Amino acid sequence: EGLSLLGVAQLDRVVEAVEGALEGHRVELLERKALPRLDLPKVRRNRHVEIVPLSTGCLGACTYCKTKHARGELGSYDVEAIVERVRRASRDPEVREVWLSSEDT
C-alpha cells in the first residue's frame, strides 16, 4: 500500500514516476501501449551502425517467457517511420551502415 508501480511498457515514463513519488504521490503506470516510437533518442553501441527495428513484440505463447507480456503482440512500424529513421541516420557523418532488424522473440 502506498507504493508506486511502473509497468514494463512504461519505461519511457520513469522520470514522471520518480518525480511524482518524490512529491509524495502514489504513481501507478500500468497501461499497455501499442508500439514504442521510433524517433526516441538512442545511444548506439557501435557509432558506425544504425540498427532500425521493423517490428517489435512476439507471436509466441511460451509459458516460461515474459517477452510477450513486456512487448505485446508482434506489430510492424509504419513504413514512413522506418524511412525517416534511415534518412536521419544517413545524415549522421559517423554512420557507415544501416541494419534493418526484425525479431519475433
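A polar contact is a pair of N or O atoms within 3.5 Å; within protein, one atom must be able to donate a hydrogen and the other to accept it, and residues adjacent in sequence count only if both atoms are side-chain atoms. One such contact, of 2.7 Å, joins the side chains of Glu 50 and Arg 85.

The model is predicted: local features need pLDDT of at least 70, side-chain atom pairs count only at pLDDT 80 or more, and totals for chains, interfaces and linings use all residues. Residues are numbered from 1 along each chain as its sequence is written, and side-chain values use heavy atoms, with hydrogens and water left out.

**Overall form**

The protein contains 3 helices and 6 strands, where helices (H or I, at least four residues) and strands (E, at least two) are DSSP runs numbered from the N terminus. Their order from the N terminus is β-α-β-β-β-α-β-α-β. The radius of gyration is 17 Å, well over the 13 Å that the globule rule gives for 105 residues, so the protein is more spread out than a compact globule. This radius is taken over C-alpha atoms, and the globule rule is 2.2 Å times the number of residues to the power 0.38. Along the principal axes, the C-alpha trace spans about 50 × 35 × 25 Å.

Of the 105 residues, 20% count as buried, a term that means under 20% relative accessible area, with exposed over 50% and partly exposed in between (1.4 Å probe, protein chains only).

**Glu 50 and Arg 85**

Glu 50 belongs to strand β3 (residues 49–53), while Arg 85 lies in helix α3 (residues 79–90). Are these residues buried or exposed? Glu 50 is buried, with a relative accessible area of 5%, and Arg 85 is buried, with a value of 8%.

The side chain of Arg 85 takes part in the following polar contacts.

| Partner of the Arg 85 side chain | Distance |
|---|---|
| Side chain of Glu 50 | 2.7 Å |
| Backbone oxygen of Leu 38 | 3.1 Å |
| Backbone oxygen of Ile 51 | 3.3 Å |

Contact in the wider sense means heavy atoms within 4.5 Å. Leaving aside neighbours within four places in sequence, Arg 85 is in contact with Leu 38, Lys 42, Glu 50, Ile 51, Val 52 and Pro 53. Not counting residues up to four places away in sequence, Glu 50 touches several residues, among them Lys 42, Arg 44, Ala 89 and Trp 99. Lys 42 thus appears in the list for Arg 85 and in that for Glu 50.
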